[in-house]
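Colleague: Hello! I am new to reading structures and would love some help. Could we go through one together, feature by feature?

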Amino acid sequence: MNKEEFQTKKNDIDSKIRELKNQKIQLEKEYIESNQGFPVGSKVCITVLAHERYIFWNNKRILVPEAKKLAYIADYEIDDNGEVVPSLRQLDYNGGMSAIPLFVPLKKAIIELV
């Protein structure tokens with residue numbers, strides 16, 4: 001195999017990889033669009049249900065009470081389990097979308113449109 005053959009085969013493989021990556025991105029977009037709960041930019045109320053939390057440094061379990069928070073849906077992403085989950089943002093001082101993300105346990109939360 002000479003240099004030219006190597007370059008052509010390498011370029012063919014690289015173009016196939018780019019094509020497959022583009023197909024994967026398009027597939028993820030379609031999956032998110034068909035499974036998103038609320039539109040991006042929606043203001044939502046998040047109710048985190050009461051749950052137990054384990055504190056590892058003193059080996060205790062505490063009961064975390066139910067809490068409600070307001071947030072905006074900034075985007076959607078696919079988690080490790082293949083579920084479509086919202087990317088949440090906090091409210092800023094005048095009620096708009098902040099740049100600060102809001103982290104809540106989504107398995108224990110109820111999301112409702114405001």
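Modeller: Gladly! A salt bridge is a side-chain nitrogen of Lys or Arg within 4 Å of a carboxyl oxygen of Asp or Glu. Keep in mind that this is a predicted model.

Colleague: How many salt bridges does the structure hold?

Modeller: The general idea is that side chains of opposite charge can pair when their charged atoms come close. Here there is 1 salt bridge. Lys-10 forms it with Asp-14, and their closest N and O atoms are 3.7 Å apart.

Colleague: Where do Lys-10 and Asp-14 lie?

Modeller: Both lie in helix 1, which covers residues 3–35. They are 4 residues apart, about one turn of the helix.

Colleague: Are Lys-10 and Asp-14 buried or exposed?

Modeller: In between! Buried means under 20% relative accessible area and exposed means over 50%. Lys-10 has 38%, so this residue counts as partly exposed. Asp-14 has 28%, so the same label, partly exposed, applies to Asp-14.

Colleague: Now the sheet. What is the order of its strands?

Modeller: This open sheet has 5 strands in the order 6-5-4-1-7, with antiparallel pairing. Strand 6 (97–101) and strand 7 (109–113) are the edge strands, as each pairs on one side only. On average, neighbouring strands are turned by 50 degrees against each other, direction ignored.

Colleague: Which strands does helix 1 touch?

Modeller: Helix 1 packs on the sheet and touches strand 4 and strand 5 (84–91). The direction of helix 1 makes about 150 degrees with that of strand 4.

Colleague: How many bridges join strand 1 to strand 4?

Modeller: Strand 1 (residues 43–48) and strand 4 (residues 67–78) run antiparallel and are joined by 6 bridges. To find a partner in strand 4, start from Val-44: its bridge partner is Ala-71.

Colleague: And pockets? How much space lies in the largest pocket?

Modeller: Rolling a probe the size of a water molecule over the atoms shows where empty space is left. The largest pocket here holds about 330 Å³. It is lined by 14 residues, and the closest to its centre are Glu-77, Val-85, Pro-86, Val-104 and Leu-106. Strand 5 gives the largest share of the lining, with 5 residues.

Colleague: One last feature: what is the phi of Asn-59?

Modeller: Most residues other than glycine have a negative phi. Asn-59 is not a glycine, yet its phi is positive, about 50 degrees. Look for Asn-59 in the loop between strand 2 (51–55) and strand 3 (60–64). With a relative accessible area of 57%, Asn-59 is exposed.

Conventions
Residues numbered from 1 in each chain as written. Predicted model: local features only at pLDDT ≥ 70, side-chain atom pairs only at ≥ 80, totals over all residues. Heavy atoms only, no water. Helix = DSSP H or I, 4+ residues; strand = E, 2+ residues; numbered from the N terminus. Buried < 20%, exposed > 50% of the residue type's maximum accessible area, 1.4 Å probe, protein only. Pairing = 2+ DSSP bridges. Axes fitted to C-alpha atoms, helices over the stretch in contact; angles between N-to-C directions. Contact = heavy atoms within 4.5 Å. 1 Å grid on protein atoms, 1.4 Å probe; cavity = no way out; pocket = protein on both sides within 12 Å on 5 of 7 lines; lining within 4 Å. Points joined across faces, edges and corners; volume = space filled by probe spheres on them.
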